[in-house]
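These are my notebook entries on what I looked up in this structure. I began with a pair of strands and then turned to the ligand.

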Amino acid sequence: MPDKVVYVTRRIPKPGLDKLAERFEIDFWDDDEVIPHNVLIDKMKSRRYDALLCMLTDRIDKDVLDAAGPQLRIVATMSVGYENIDTAECAKRNVMVANTPGVSTDSVAELTVTLLLMTARRTAEGVEAVKAGTWGEWKPMWLCGTELTGRILGVYGLGRIGFGVANRLRNFGFTKIYYCDIQEVSYAKEIDAQFIDFDGLVRTCDFICVCCNLTPQTRHMFNRDTFKKMKNTAILINSGRGGVIDHDALVEALRSGEIQAAGLDVTEPEPLPKNHPLVSMYNCVILPHMGSNTWDSRNAMAAIAARNCIAAVNNQTPEGLVKAS
Ligand SMILES: O=C(O)C(=O)CO
């Protein structure tokens with residue numbers, strides 16, 4: 001009989017549950033929807049859990065941690081992003097924080113490329129026209145988009161995913177790839193990507209893919225000032241986090257033609273309300289945060305999150321350990 005107890009805040013793929021069962025008695029929120037914050041707090045008070053396996057939608061703050069008490073060893077999120085977790089409060093209590101790096105790189109990179117192509121070639125409008133019966137005779141100037149060939153690609157955040165995106169897009173005929181990050185990275189050489197500062201990135205690039213985390217430094221990096229600097233023909237793609245872009249400024253930039261189009265797989269808030277101005281704009285393609293939605297990724301994410309929990313209660317270093325900031 002396992003002597004450790006884990007709380008899982010959602011139904012998760014079987015590889016995760018099977019792994020957890022090797023070491024834990026499992027309690028979980030038996031639902032596909034988010035556990036309400038107050039219910040999570042009550043759950044945490046109801047038993048002394050050794051591990052908490054959460055989702056990116058769960059706010060793990062002081063109240064949750066206070067409720068969990070001193071037995072809690074780890075908060076393991078089934079996501080790469082961990083801005084939902086108060087890492088400083090965790091550090092104060094010696095609670096480890098872990099994420100799921102590496103296992104969703106391909107799925108998110110593939111989706112980012114999909115979104116870029118969809119946005120550049122206006123495919124969502126095309127599909128909509130077929131469904132709505134507004135597809136008429138062939139017209140020389142209908143739904144004309146932008147080719148990638150001969151253009152300049154920019155990547156904001158050249159981590160695993162940014163690298164995966166640029167690497168895939170290398171074969172699409174871009175003349176140059178620039179990236180902007182906290183510092184230069186050696187592996188950029190593998191894809192012939194050149195470091196540039198943020199100002200240079202936004203002024204120079206025709207396509208910009210946002211692939212960074214949301215941190216106080218990256219929050220609203222794309223704002224009114226940024227859009228003024230960008231080319232009128234620029235296309236902005238975001239598969240990082242919605243909060244990197246000021247959405248009110250994006251609405252204005254897309255309306256005024258300051259930039260040409262945007263493709264978003266992440267928004268602020270999520271879900272974006274149906275009546276949000278961006279939803280009805282022809283030059284904004286929005287996907288419902290589905291970058292890692294492949295069984296390959298989700299099974300692997302659940303399994304690594306489970307392994308992180310096991311490592312923590314075994315006094316080992318979880319593979320996805322997040323350094324306290
Ligand atoms: O893993 C993450 O951080 C996600 O956004 C899920 O796709």
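Entry 1, strands. I worked from a predicted model. I looked up strand E6, residues 152–156, and found it joined to strand E7 by five bridges. The two strands run parallel. I then traced one bridge: tyrosine 156 has cysteine 180, in E7, as its partner.

Entry 2, cover of E7. Is this strand mostly covered or mostly uncovered? I noted that E7 spans residues 176–180 and is mostly covered, with four of its five residues buried. Buried here means under 20% relative accessible area.

Entry 3, annotation. I consulted the UniProt record, an unreviewed entry, which annotates residues 7–322 as "domain: D-isomer specific 2-hydroxyacid dehydrogenase catalytic". In the model, this span is 35% helix and 15% strand. Its end C-alpha atoms lie 20 Å apart.

Entry 4, ligand surroundings. Which residues are around the ligand? I listed Leu56, Ser79, Val80, Gly81, Arg241, His289, Ser292 and Met301. I sorted this shell by type and obtained three nonpolar residues, four polar and one charged.

Entry 5, contacts with ligand oxygen. I looked up the distances from protein atoms to an oxygen atom of the ligand. For valine 80, a backbone N or O atom lies 2.7 Å from such an oxygen. For glycine 81, the distance from a backbone N or O atom is 2.8 Å. Histidine 289 makes its approach with a polar side-chain atom, at 2.7 Å from a ligand oxygen. I recorded finally that the ligand on its own has 230 Å² of accessible area, of which the protein covers 91%.

Notes: Residues are numbered from 1 along each chain as its sequence is written. This is a predicted model: local features need pLDDT of at least 70, side-chain atom pairs count only at pLDDT 80 or more; totals for chains, interfaces and linings use all residues. Side-chain values use heavy atoms; hydrogens and water are left out. UniProt positions are given in the numbering used here, feature names are shortened, and annotations may be inferred rather than shown by experiment. A residue is near a molecule or strand if one of its heavy atoms lies within 4 Å of it. A polar contact is a pair of N or O atoms within 3.5 Å; within protein, one must be able to donate a hydrogen and the other to accept it, and residues adjacent in sequence count only if both atoms are side-chain atoms. Accessible areas come from the Shrake-Rupley method with a 1.4 Å probe; for residues, only the protein chains shown count as cover. Ala, Val, Leu, Ile, Met, Phe, Trp, Tyr, Cys and Pro count as nonpolar, Asp, Glu, Lys and Arg as charged, and the others, Gly among them, as polar. Buried means under 20% relative accessible area, exposed over 50%, partly exposed in between (1.4 Å probe, protein chains only). Two strands pair if DSSP finds at least two bridges between them.
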